[in-house]
Structures are given as structure tokens and as C-alpha cells.
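Please open the model in your viewer and follow the selections below one after another.

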Amino acid sequence: MVTIARRKLLAALAGAAAWPIAARAQRSGVSRVGLLYSTSLQFSDDFQQGLREAGVEEQNVLFERRFARGDYERLPALAAKLLALHVDLLAAFGTPAVRAAKTASMKSAPAIPIIFAMAADPVAQGFVQSFNRPGGNMTGVTSISSTLAPKRLDLMREFLRDDAPIAMLINPHNPFSEAERRDTEVAIRAVNQRVEFLTASNQAEIDQAFAAIRPGRFSIVIISGDNFYLTQMQRMAALATQARVPAIGPLREFAAEGGLLSYGASIPDVFRQAGMLAGKVLKGAHAAELPVQQATRFELVINLKTARALGIQLSSKLLALADEVLE
């Protein structure tokens, strides 16, 4: 038989577990936020800018950062370590990190709120119930880069050749790769082209993949939006230029580091949006009720110096579409 005293104790413990983050932060003065990265990229300034826009100042937040540096197998252990620190909120960047965060949070009670920033469809991945009402303990920002496949292919249309297939580089260890691969195949079939998928999950395999991209073998190369690849933009840009093949990458850094073209979401802006959502949760909102946001800024960047190095004359139509042209 449960005594009155015991019932009061259980009620008090349940109430403490259900306290909104804002109430707990008010007691301590500082919220502890875990940041789980699939790679070594941080964009911390952009995330903190989002927090400020939501009314949360950095001095009121203690950040705990963990980086997988492209080794996705480390993510479950890193997520578990962050939860062991009793963080008030966990922000996960990149689909592999989000999956690890979700799995780890299922073992904690109550489930810790998770803010994500990734390229995948969070509904298809099973992270949220819907975009408008996520449910559960997760919400965030997605750029859904797989839907960009037709656009990237259209931007590269003037470089396609009937006698040479398209090459696409994907990371087989990224759970999002299969969806991106399917969408790209559909887009390529629509223009009656052939495609070969090259796989790489580390630097050595990237070198091996580009070794297969000999001059003339492929008409173009498309680089997928894998999180590890985002740390390898300079390397890939140089290898593509050495292979003398037009290549398009998933974000501005590819063109800035010497790639021919890049088209994709503005990653700094995605991190800023994620920071705003995190700030709202820290101030007492429930992740389940905050709609998932989609990236709002997409940019086409062209590197003219690389075009000249490849002996390519870019059309005026393509140049007119560019958000930025690098000399």
C-alpha cells in the first residue's frame, strides 16, 4: 500500500522530471546544451546567433561539444556521453548524428528535447510525425538536399555528353545516401543519361574514387551532400580539376575551394535557424509543438577561374542564374 508521504514524493519527482527547461534554467541560471556533430564543422557563431535572435544569450548557456569527425560509428557513444552530462537540450547536426541522438534519448526518462539540422527528410527517417506537428521530443531544420538533384542536374546540363556517363560520389555509410541515390537516378533517367555511383567514406576512398574519374570518362561529377564530404571540399575540388571534369558540389565551400559549381542550402543559415529553435525550447517551448523548418536560402556559386582552367566557356544563361561568381 502506498502511503500518503510516498505518493507526495512520487508526485514531486514526476513534477521535477516534467519541469520545462526554462524553469530548471531559472534555478541554476545556466542551461547546459549538448552539440553533437557528424563531422568537425562547427558553425558555432551561426548557431549562437540564432540563440540570440530567440532571446537567449551565450553567457546563460554552457555548451558541451562532441565531434565524430566523419567516423559515424563513434556517434552512439558520443551521444550517450552527452546525455550522461544531464544536458538540458541536445542539438545534432547531420543525419547520422540525429539518428544517434534519437536512439540515445530513447533510453533516458524523460526524453531530452533534440534540435536537428540535416539534409534528410525527417518524416521519412522516422524522426518526427509530420513537419507541422513533429510530436515526440524532436524538431529542427532540414534542407532536404535529395530534392535538389533535378536542379543540380539542370545546372550542369550544358556539360553533358551522350558518349560519357555521369558520375556521382556518395557515402555508403550515410543512411540518407540511398534516398539521394534514388532521386538522382530518377532525374538522370529523365534526361536520357547514364550514371555510375562511386562510393567513398574516408579520404583514401575519396582519392580512389577520383582516380577512377579519368579525363574524358565522365561528362560531369555530382558530389552528394554527405556530412563528411563537407569537410573535404578543398580536396574534392582539386581532384576534380586534376581529372579535368566539370563538378558540382552541395554547398558554397566547394566552389570557393576551387570547384566549378556549387548549389545547395546555406549551411550557416541552417545553423542559425536551428539555434533559433533551440532558443525557443530553452525558453520553455516544447519541441513537439514547434514545426520543422526548411532551409530558406539556396545559392548557386560559380568559380570562373576553374572554368578557365578546364577550358570551359560558361553560357550567359548559367552566369545570370548565379548568386555569386568567383573570379
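Select helices α3 and α11 together, and you will find that their crossing is right-handed, a term used when the near helix is turned clockwise from the far one by less than a right angle. The axes of α3 (residues 44-53) and α11 come within 6 Å and cross at roughly 40 degrees, with axes being lines fitted to C-alpha atoms over the stretch in contact and angles running from 0 to 180 degrees between N-to-C directions. That makes α3 oblique to α11, oblique being what is left once angles under 35, over 145 and from 65 to 115 degrees are set aside.

This is a predicted model, in which local features need pLDDT of at least 70 and side-chain atom pairs pLDDT 80 or more, while totals for chains, interfaces and linings use all residues. Residues are numbered from 1 along each chain as its sequence is written, and side-chain values use heavy atoms, without hydrogens or water.

Next, show the residues in contact (heavy atoms within 4.5 Å): on α3 they include F47 and L51, and on α11 they include F271 and M276.

Then turn to the cavities, which are sets of points on a 1 Å grid over the protein atoms alone where a 1.4 Å probe fits but cannot get out. There are three of 30 Å³ or more, and the largest has a volume of about 330 Å³, counted as the space filled by probe spheres set on the points. Of its 27 lining residues (an atom within 4 Å of a point), select M118, A119, N227, L230 and I267, the closest to its centre. Finally, colour α11 again, since this helix gives the most to that lining, with three residues.

Key
1 Å grid on protein atoms, 1.4 Å probe; cavity = no way out; pocket = protein on both sides within 12 Å on 5 of 7 lines; lining within 4 Å. Helix = DSSP H or I, 4+ residues; strand = E, 2+ residues; numbered from the N terminus.
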